[in-house]
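Please open the model in your viewer and keep the sequence panel beside it. The tour below proposes one selection after another and says what is there.

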Amino acid sequence: MKVMKAIKYFSFGLVSVLALSACSDKFLEEKKNYDNATTDIYNYLSGCNGRVNDIYSWCLPKVSDLTTGQNYLSVSIGNADIAAKSTEEYTGFSDFVNPEIELTSMGTTNAVPDYFLGANANIQNSVYGRIRNINDCINGIQGGSISDEDKQLLLGQVYFFRAWCYYNLVKWYGGVPIVTDVLEPVESSFTPRSSTKDCIEFILADLDRAATMLAGKVWSGSDYGRVTAGTALALKGRVLLLWASPLFNRANDQTRWQNAYTQMKADLSVINACGYGLYTSGNNVNGSDFARQFLVVNANPEAVFVALHNNVMSDEGLDNQKNNTWEGAVRPKNTGGSGKGAGLALVDLFPMKDGKIANLGALTTARTYANTYSKLERSKYLYDETAPYMNRDPRFYRTFAFPGFRWAYSGDPTQRDSHNPSYDAGKNYVVWNYVWYTSMDDAGNVESGNSYGADNLLGSKQAIYVRKKSDDLDVNGSPLYNYGATYNTAFFSQAPLIELRYTEVLLNLAEAACGAGQMGEAVQILQQIRERAGYKAEDSYGLQSNLASDQATCMSAILYERQIEFAYEGKRFDDMRRWMLFDGGQEKVDGQPASWTLTGWGGNTCTWLGFTPWNGQRRERVEFRTADKFGVGTTLWDGDPLVKAGVERPAGVDFTQDDLTTQLETLKTWYTDNLVTSYKRGDGYDSQHNLEYITFRPKYYFLGLGSGAQSANKGLPQTIGWQDYNNGGANGTFDPLAE
């Protein structure tokens, strides 16, 4: 097979090659341009290792946004990017759900995101550039003179990454060109789009090949973090699940579910033998194990596919610096971070203390999504709008931070700004992010953002903070970051980025089991996940009793568990696309073949699951502002009306303490006495200030090729539902569902 036309191959200087050493965090001291090397290096193990390390450097997921711009290296990892802002996790319309914008394949204005071609001038920022590099590495190692045993170990890793690259294409486009040769970008080098089925089979073959080559190998020491047979089989499970899901399986072909279930169940023993498993410490307090799993650098059983980092401090972008920027992104501004604001929808939809979804129908301010997951039982606990943190799932407190929550860290923020509160150099930090206004008219205006946060947060505040994956000092007493008080970024973190957790391995198997009619086995897996979260057997792990007998309810419970467990990890948008949760599969695209009609699941996945379609919903924000009796404040750090009135704050809620309820009740009383809960604009309004609602167009389930990709590859057919740039805007002809 040949490389696609117009892939530009540029050598662009020295590439820093990660040595993948979690213990020493060293990089190769002698930087080499391994992607532009002579074939002689393949005759030496050190040279082959350098080339494979180069593949890791190019292909590992990055802590950055999945964007519509020039970032083609990243999958979504939980930032407020185009994927996550299409879900319950954030507010503000992304391009995928904006009712005022329809994405197009005909130009650069409102252009469909290009995850296919990438940047012509940078081979590393092109998926097919990375695939070309991988194919070159495979050919070189195969033709080199190192031992067969060494070849096997190295090639197994490289085949995994080729499958990884193709998976990230197929989930967006369906069938794409399959390229296995290394050819120069000339007119004759052209490969057509293969069917989705052929692509899936190609990916699975690469993953099986990788698993065979890596069989029995468990990496340790400076090699920890490399992919294993278990990593390959875990990704295989994700691919099998994608192929069985409604997006690609409109008729609910049971053979796909059965095949996925059978293979994933058989592969689980190999995954386990590689040392993977649910992370537990034996001392789980208020979800502390759930929080700690993201902070284990070496021999973390949860980290099936992981990108490692170091905590080298520099703001000059040195070659030996590879920091995880998540810590600085989620921490509040007065600690040296920037802060991520959680959407109210996910706060509302999180389980209550008994594991059941909250009853949102009785709220004073209506939620459009109140009946979402209608097949799941509602909680016996009352949902308190003025104190949404009361009586929640243990994972709730490790996912969000409210005013009055303890969130300890190690660092002196007063060196950045003398008005920042020290809280014993962060060791007793409590986030007090309630707000005030300088005008009572602003305070009552849902569209006004002119509020100011306490403790010197001022305009750089979030109403509810995302704290998921944070290096909480109360959870991890030896922080993975260095605190650079005078740097542009304060937190230089070596926290790993886990792209595929063992929990996902289990939940993928649970979903496949349910789809294959093995609901009892699926329930057993849900119980394992809930037990690690902190639920008990005597309470049935917070699960309702009919899951083993009702397939639709069981599947709904699995998708709900995924939504909660993987919040802010970049997984939700993929799940919503797989299950067509925006419209249940009801809306049509131009030129849609009859085979695209959803005939399985009663013809509507949302109705079958009891899920309120995400189209037509709105996500609002909430804030906790000072009560009217305290009047207004100023725009300055000392303008807090509560401080001026001498109001004493309670101790921050300490999640290391078993007695959480008493602490939360104390905080709730303080809220009642001093704060007002106000709902604020989340998603957009039109020019007349009318509410607008989420609109995900059906053609977005399969992306079209952008005008740049079409111009560079004139022989490639456009996807059905998208205009063909090379054919005067005619409807595309490529069918991602055709076999």
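Does Gln415 count as buried or exposed? Select Gln415 in this predicted model, and you will find that residue in the loop between β3 (405-406) and β4 (430-431). At a relative accessibility of 52%, Gln415 counts as exposed, because the cut-off for that word is over 50%. If you leave aside the neighbours within four places in sequence, Gln415 is in contact with Ala485 and Thr486. Add Gly336 to the selection as well: Gln415 and Gly336 are 79 residues apart in sequence, while their C-alpha atoms are 9.8 Å apart in space.

**Further along the loop**

Stay in the loop between β3 and β4 and select Ala425, which has its place there too. The phi angle of Ala425 is near 55 degrees, a positive value in a residue other than glycine. As background, most residues other than glycine have a negative phi. With a relative accessibility of 23%, Ala425 counts as partly exposed.

Next select Asn428, which is found in the loop between β3 and β4, and which at 34% relative accessibility counts as partly exposed. Apart from its neighbours within four places in sequence, Asn428 is in contact with Arg406 and Tyr423. For a distance to draw in the viewer, take the C-alpha atoms of Asn428 and Ala463, which are separated by 21 Å and belong to residues 35 apart along the chain.

**The whole protein**

Now zoom out until the entire chain is in view, and colour it by secondary structure: the protein has 18 helices and 14 strands. Its radius of gyration is 26 Å, close to the 27 Å that the globule rule gives for 739 residues, so the protein is as compact as a globular protein of that length. Taken along the principal axes, the C-alpha atoms fill a box of roughly 75 × 60 × 55 Å.

If you switch to a surface display, the exposed area of the protein is about 25500 Å², and carbon and sulfur atoms supply 47% of it. Of the 739 residues, 64% count as buried. Among contacts between residues at least 6 apart in sequence, 72% join residues that are at least 24 apart.

**A helix to check with the ruler**

Select helix α2, residues 127-143. How far apart are its end C-alpha atoms? They are 24 Å apart, which agrees with the 24 Å that the 17 residues of α2 should span at 1.5 Å a residue. The helix is mostly covered, with 13 of its 17 residues buried. While you look along a helix, it may help to recall that an α-helix has 3.6 residues a turn, so residues three or four places apart point the same way.

**Two strand pairs**

On the way to the first pair, pause at Ala299, whose place is in the loop between α7 (288-292) and β1. The phi of Ala299 is near 50 degrees, again a positive value in a residue other than glycine, and with a relative accessible area of 62% Ala299 is exposed.

Then select strand β1, residues 303-307, which is mostly covered, since five of its five residues are buried. Add strand β10, residues 497-501, and you will see that β1 and β10 pair in the antiparallel sense over four bridges. Within this pairing, the bridge partner of Phe305 is Leu500 in β10.

For the second pair, select β11 (residues 621-626) together with β12 (residues 675-680), which pair in the antiparallel sense over six bridges. Here Val622 stands opposite Tyr679 in β12. Strand β11 is mostly covered, with five of its six residues buried.

**The cysteines**

Finally, show the cysteine side chains. How many disulfides are there, when the two sulfur atoms must lie within 2.5 Å? The count comes to zero disulfides. Cys59 is in no disulfide, and the nearest cysteine sulfur, that of Cys165, is 3.9 Å away. Cys59 counts as buried, at 4% relative accessibility.

End the tour at Cys199, whose closest cysteine sulfur is also in Cys165, but 13 Å away, which is too far for a bond. With a relative accessible area of 2%, Cys199 is buried.

Notes
Residues are numbered from 1 along each chain as its sequence is written. This is a predicted model: local features need pLDDT of at least 70, side-chain atom pairs count only at pLDDT 80 or more; totals for chains, interfaces and linings use all residues. Side-chain values use heavy atoms; hydrogens and water are left out. Buried means under 20% relative accessible area, exposed over 50%, partly exposed in between (1.4 Å probe, protein chains only). Two strands pair if DSSP finds at least two bridges between them. The expected span of a helix is 1.5 Å times one less than its number of residues. The radius of gyration is taken over C-alpha atoms; the globule rule is 2.2 Å times the number of residues to the power 0.38. Contact means heavy atoms within 4.5 Å. Accessible areas come from the Shrake-Rupley method with a 1.4 Å probe; for residues, only the protein chains shown count as cover. A disulfide is a pair of cysteine sulfur atoms within 2.5 Å.
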